[in-house]
Amino acid sequence: MSQQNAGTGADRTAPEPRRAPAAAPCGGPAPGPDGGPGTPGGPARRGRPRSEAADQAIFDAAIGLLESGVPLTDLSIERLARTAGVGKATIYRRWTGKEDLLIDLMRSIEPPDPVLPGTSLRDDVVALLESMRQRGLAKRTSALLHNVFSQMQLYPKLWDAYHATVIEPRRRIGLDAIRRGMDRGEIRADLDIEVVNDLLTGPMLSRVVLRPGSDLKPGLAEQFVDSVLEGITPRT
């Protein structure tokens with residue numbers, strides 16, 4: 001579900017109920033938020049710019065439904081269109097189906113990757129873990145990811161895309177920091193870099209992703225990093 005949470009995500013409240021769009025004159029279809037046809041299955045117009053208002057309405061609808069506990073299997077295009085106050089054609093102009101929509105949604109709610117100070121391995125890994133802690137504290141992102149992560153196995157395409165765009169880039173950030181630490185002699189060079197990365201990031205990921213009710217107190221990143229570094233630094 002980089003944990004692409006895994007930075008912070010801004011809390012947003014669930015979208016307020018939307019009023020149905022006003023009916024068009026002469027019995028025509030009611031316009032959606034993007035000015036397009038509001039009737040499900042209405043004809044798509046080519047060459048029109050996408051409406052940010054419609055995009056946001058659709059995302060807000062999906063987020064609200066997921067955060068309320070609606071399973072992915074019940075998150076149909078019809079239900080999304082009805083909740084967002086748009087027509088199905090408005091959604092299909094943007095995405096080929098539910099999985100593509102959810103992939104874009106997951107990308108949109110992810111915070112940017114952390115910028116590491118580069119001063120030492122400890123500073124870099126603390127910054128990386130602190131971004132994971134903050135992400136776990138973000139109520140909105142946490143609630144959404146816990147719901148989606150538990151069901152992603154049913155949607156391999158969704159999981160693969162989330163892994164490629166969120167988890168893998170953040171994993172590479174950690175691996176690069178560890179390589180720099182090895183080059184500087186801060187940790188033993190004979191260690192498996194993947195194992196070191198798992199040791200450093202695993203405890204925070206466990207609390208953020210697997211244990212949603214666990215304590216994410218300030219200073220936790222430093223506590224985890226210092227506990228691991230004590231065992232992997234060179235002995236004199």
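A polar contact, as I will use the term this morning, is a pair of N or O atoms within 3.5 Å, where, within protein, one must be able to donate a hydrogen and the other to accept it. With that in hand, look at S120 in this predicted model: its side chain reaches the backbone nitrogen of D123 at 3.1 Å, which is within the 3.5 Å limit. S120 is found in the loop between α4 and α5, and with a relative accessibility of 15% it counts as buried, because the cut-off for that word is under 20%. Leaving aside neighbours within four places in sequence, S120 is in contact with R184 and E186.

Let me stay in this region and move on to D124, which is placed in helix α5, residues 121-137. D124 is also buried, at 0% relative accessibility, and a polar atom of its side chain lies 2.6 Å from the backbone nitrogen of G118. Beyond its neighbours within four places in sequence, D124 touches L116, P117, G118, T119, A177, R180 and R184, and R184 is likewise on the contact list of S120. If you measure from C-alpha to C-alpha, D124 and I173 are 9.3 Å apart in space, although 49 residues separate them in sequence.

Now for the overall picture. The secondary structure comes to nine helices and zero strands, so that reading along the sequence gives the pattern α-α-α-α-α-α-α-α-α. Of the 236 residues, 47% count as buried, and the protein exposes about 12,000 Å², of which carbon and sulfur atoms supply 54%.

Before going into the interior, a word on confidence. The pLDDT averages 78 over the protein, and 76% of the residues score at least 70. Among the elements, α2 has the highest mean, at 96, and α6 the lowest, at 68. Over residues 1-48 the pLDDT is below 50, and yet this stretch has 114 contacts in the model beyond near neighbours in sequence. Where pLDDT is low, the predicted coordinates should not be read in detail.

What, then, does the interior look like? In soluble globular proteins, nonpolar side chains tend to be buried together. Here the largest nonpolar core has 35 residues, and those with the most contacts inside it are L80, I91 and L158. Helices that each supply at least two residues of this core are α1 (52-67), α2 (77-84), α4 (98-109), α6 (139-149) and α7 (156-183), and α1 gives the most, with eight residues. To take L158 as one example, and not counting residues up to four places away in sequence, it touches L72, E99, L102, I103, M106, V148 and M152. There is also a second, separate core of 26 residues, which includes M132, I173, V196 and F224; I173 is the residue whose C-alpha I placed 9.3 Å from that of D124 a moment ago.

Turning to the aromatic residues, how many aromatic pairs does the model hold? The count comes to two. In one of them, the rings of F59 and W95 have their centres 5.7 Å apart and their planes at 40°, so the pair is tilted. This pair links distant parts of the chain, with F59 in helix α1 and W95 in the loop between α3 (88-92) and α4, 36 residues apart, and both F59 and W95 are buried. The other pair, W159 with Y162, is tilted as well, at 6.3 Å from centre to centre and 35° between the planes. Here, however, both residues lie in helix α7, three residues apart, which is about one turn of the helix. The partners also fall into separate accessibility classes: W159 is partly exposed, at 31% relative accessibility, whereas Y162 is buried, with a relative accessible area of 2%.

I would like to finish with N197, which is found in helix α8, residues 193-210. Is N197 buried or exposed? It is buried, with a relative accessible area of 5%. Once neighbours within four places in sequence are set aside, N197 is in contact with R171, G174, L175, I178 and G202. Among these, R171, G174, L175 and I178 fall within the range of α7, 156-183, while G202 belongs to the range of α8 itself.

Conventions: Residues numbered from 1 in each chain as written. Predicted model: local features only at pLDDT ≥ 70, side-chain atom pairs only at ≥ 80, totals over all residues. Heavy atoms only, no water. Core = buried A, V, L, I, M, F, W, Y, C linked by side-chain atoms within 4.5 Å. Buried < 20%, exposed > 50% of the residue type's maximum accessible area, 1.4 Å probe, protein only. Helix = DSSP H or I, 4+ residues; strand = E, 2+ residues; numbered from the N terminus. Contact = heavy atoms within 4.5 Å. pLDDT = per-residue confidence, 0-100. Phe/Tyr/Trp six-rings, centres within 6.5 Å; stacked < 30°, edge-to-face > 60°. Areas by Shrake-Rupley, 256 points an atom, 1.4 Å probe, with all protein chains shown as cover.
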